[in-house]
Every structure is written in C-alpha cells, then in structure tokens.
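Work through the exercises below with the sequence and the model open beside you, and try each task before you read its solution.

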Amino acid sequence: MLRASDILDQMEGTVEGHTRELQQLQQELSRIKEELRGLRERLAQASAASSESEKAKPKGEAPAPGPSPSRPTSRMDGGPQPRVVTGYYYQVQPGDTISAIAEAYRQSGVPVTAAQIRAANGLSKKEKLRPGQKLFIPKTGIKKGATPDTGTAPSS
C-alpha cells in the first residue's frame with residue numbers, strides 16, 4: 001500500500017511534467033502567433049498590390065475574378081512563380097452588401113474582409129453590387145464548412 005507521502009510525490013511529479021508541457025505549448029503558440037502575424041502582413045501587402053494593379057487596368061476591361069485553383073508551373077526564365085489564388089464564387093442577391101457577404105463567409109470559417117473581396121474583384125468602395133453579379137471570394141485561411149466554387153453563400 002502506498003503511503004500518503006508516496007502519493008504526494010507522484011502527484012508533484014505529474015504536476016511538474018504537465019507544467020513543462022504547458023510551457024512548451026505556450027512557446028509553440030507564441031511562435032505560431034508570430035508566424036500568423038507575418039502571414040497576415042504579407043496577405044495585406046499582396047491584397048494592396050492586387051488592388052493597385054486592378055486600378056491600372058483600362059476602364060473597358062472587366063476584372064477577372066481570379067485564377068482557378070491549380071498547381072503552379074515552373075518558369076523557364078527563373079522568375080518568381082505566378083501566385084495561385086483559390087477561393088469561392090458568390091452570386092450577388094438583391095440587398096447584398098460586400099460587408100454582409102464577408103461577414104457570412106467569416107461566420108462559416110473563411111477569414112475574409114470586405115476590402116479583400118473588393119480587391120479580388122477590382123471594386124471601389126463606392127461601387128454598388130448588382131443582383132446576379134458574380135464575386136470571387138478569396139480563400140485567405142483555413143475554412144470550416146464553406147464549399148469552394150459553389151456559387152452560393154455560406155449558410156448563416
């Protein structure tokens with residue numbers, strides 16, 4: 001039979017082990033948060049660059065909603081790889097706003113902002129949406145239930 005001091009020693013050892021494991025997990029979480037911050041900054045820069053390149057297009061050209069998902073091909077000239085953007089297509093319904101669409105996608109687990117949707121579709125803040133208009137919703141993170149390229153909004 002174990003004595004109370006033996007049981008206490010076992011419990012202290014278990015607590016110490018859990019404490020070390022918790023510290024390791026906290027360090028890893030900090031590292032992941034820092035990596036996420038860097039990725040968000042890169043995404044914002046890419047979104048801003050995309051928005052500026054859309055503004056430079058001649059007025060008569062319709063903005064492309066973005067390339068369909070595919071694997072990048074290697075370039076013979078050694079230049080940078082083309083950026084492949086994946087995401088979702090959404091058909092605008094009467095009364096929709098970009099903010100409401102972005103919020104619906106966020107609630108379904110797709111972390112996207114109204115600014116990112118505008119940038120992906122070459123839209124200014126002043127432009128009104130038209131029912132039937134197709135919008136490309138860029139997939140900027142991990143999704144939790146949205147279906148890619150369905151043409152429908154996530155369920156609320």
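**Exercise 1: Confidence**

Over residues 58-76, pLDDT (the predictor's confidence in each residue, from 0 to 100) stays under 50, and the model has 30 contacts beyond four places in sequence for this stretch, where contact means heavy atoms within 4.5 Å. This is a predicted model, in which local features need pLDDT of at least 70 and side-chain atom pairs count only at pLDDT 80 or more, while totals for chains, interfaces and linings use all residues. Residues are numbered from 1 along each chain as its sequence is written, and side-chain values use heavy atoms, with hydrogens and water left out.

Task: find the mean pLDDT of the chain.

Solution: the mean is 75, and 68% of the residues reach 70 or more. Where pLDDT is low, the predicted coordinates should not be read in detail.

**Exercise 2: An aromatic pair**

Task: describe how the rings of Y90 and Y105 are arranged.

Solution: begin with the rule, by which rings of Phe, Tyr and Trp (its six-membered ring) pair if their centres lie within 6.5 Å, with planes under 30 degrees apart counted as stacked, over 60 as edge-to-face and the rest as tilted. This rule gives three aromatic pairs. Between Y90 and Y105 the centres are 6.5 Å apart and the planes make 85°, an edge-to-face pair. Next, locate both residues: Y90 belongs to strand 1 (residues 87-91) and Y105 to helix 2 (residues 98-107), so the pair ties together parts 15 residues apart in sequence; helices (H or I, at least four residues) and strands (E, at least two) are DSSP runs, numbered from the N terminus. Finally, ring pairs join Y88, Y90 and Y105 into a cluster.
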